[in-house]
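Biologist: Before the terms are applied, I should like to ask how each of them is justified. Please show the model first.

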Amino acid sequence: MSCNLCRSNDVRCVATKGKRSFYHCTQCQLVSVPVSQHLSMLEEKKRYAYHENFADNLDYVRYLTEISHEIERIPVKRPSILDFGSGQEYVLTRIFREKGFYCAPYDPLYNVGLDNLAMKYDIVVLCETIEHLRDLQEEIKLINRLCKHEGYVLIRTRFYSDKNSMATWFYALDETHVNFFNDGSLEYVAGMLERKVIYSDHERTVIIGL
């Protein structure tokens with residue numbers, strides 16, 4: 001197999017769990033699951049139905065509100081925001097709107113916001129999204145097109161700390177998660193976006209900009 005991010009063939013299996021294998025790329029540091037082991041789109045959608053990602057889930061709303069505060073780190077007044085991978089209910093979009101921001105949702109799995117790809121945005125937010133993307137190269141090209149030249153990309157995902165612990169790490173046990181990042185692989189993502197990491201908490205959040 002080749003790496004889902006950089007397409008390098010310099011990958012090796014570091015863990016297996018059930019029918020899933022986890023391959024680490026020595027070039028970009030991504031850990032990924034082979035395409036042949038991805039869920040079908042229908043299976044993936046069924047799994048999401050078990051997630052309680054709704055506006056009446058107070059813990060979920062609290063988590064998203066915490067993420068919305070990260071926007072304050074970005075030096076753009078009244079930014080336009082794209083919620084990339086918003087989900088069917090696009091709760092984060094609603095939270096940003098309640099804060100007075102212009103925010104548009106986008107999630108092709110649910111045919112949400114397809115018309116919103118016609119414009120560019122100051123900030124593209126991927127909240128618990130990038131770990132699901134089946135074709136990272138194509139999606140990153142799309143994100144780059146949607147982000148203004150001077151814009152920012154905010155990514156929220158769980159960073160892995162030990163590539164050899166995938167078989168026991170709760171985040172990797174979610175079968176809808178197929179990509180796992182650390183600071184090195186997110187620096188690579190930034191390079192593909194023709195930008196750099198300007199902020200990282202080294203655990204869950206990076207902000208990418210010029």
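Modeller: Two strands are said to pair if DSSP finds at least two bridges between them. The model is a predicted one. In it, six strands form an open sheet of mixed pairing, in the order S5-S4-S6-S7-S10-S9.

Biologist: What makes S5 and S9 the edge strands?

Modeller: Strand S5 (102–106) and strand S9 (196–200) each pair on one side only. Neighbouring strands of the sheet are turned by 20° against each other on average, with direction ignored.

Biologist: Why are S7 and S10 called paired?

Modeller: The criterion is at least two bridges. Four bridges join strand S7 (residues 147–156) to strand S10 (residues 205–209), so the criterion is met. The two strands run antiparallel, and Val153 has Ile208 in S10 as its bridge partner.

Biologist: How do you know that S9 and S10 pair as well?

Modeller: Four bridges link S9 and S10 in the antiparallel sense, against a required minimum of two, and therefore they count as paired. Tyr199 has Ile207 in S10 as its bridge partner. S9 and S10 form a hairpin with four residues between them, and His202 in the turn has a positive phi of about 65°.

Biologist: What makes S1 and S2 a pair?

Modeller: Six bridges join strand S1 (residues 11–17) to strand S2 (residues 20–25), and at least two are needed, so these antiparallel strands pair. Val11 stands opposite Cys25 in S2. This hairpin has two residues between its strands, and Gly18 in the turn has a positive phi of about 60°.

Biologist: Which residues of H5 are called buried, and why are they said to line one face of the helix?

Modeller: The term buried requires under 20% relative accessible area. In H5, the residues so classed are Ser185, Leu186, Val189 and Ala190. Seen down the axis of H5, these residues fall within an arc of 150°, so they line one face. Their cover includes H4, S7, S8, S9 and S10.

Biologist: What makes the start of H5 a site of polar contact?

Modeller: A side-chain oxygen of Asn182 reaches to within 3.1 Å of the backbone nitrogen of Gly184. The cut-off for such a pair of N or O atoms is 3.5 Å, so the distance satisfies it.

Biologist: Where does H4 lie, and which of its residues are buried?

Modeller: Helix H4 (residues 136–146) lies across S4, S5, S6 and S7, running at about 130° to S7. Its buried residues are Leu136, Gln137, Ile140, Leu142, Ile143 and Leu146. These pack against S4, S5, S6, S7, strand S8 (179–180) and H5.

Terms used
Residues are numbered from 1 along each chain as its sequence is written. This is a predicted model: local features need pLDDT of at least 70, side-chain atom pairs count only at pLDDT 80 or more; totals for chains, interfaces and linings use all residues. Side-chain values use heavy atoms; hydrogens and water are left out. Axes are lines fitted to C-alpha atoms, for helices over the stretch in contact, and angles run from 0 to 180 degrees between N-to-C directions. Contact means heavy atoms within 4.5 Å. Buried means under 20% relative accessible area, exposed over 50%, partly exposed in between (1.4 Å probe, protein chains only). The arc is that of the directions from the helix axis to the C-beta atoms. A polar contact is a pair of N or O atoms within 3.5 Å; within protein, one must be able to donate a hydrogen and the other to accept it, and residues adjacent in sequence count only if both atoms are side-chain atoms.
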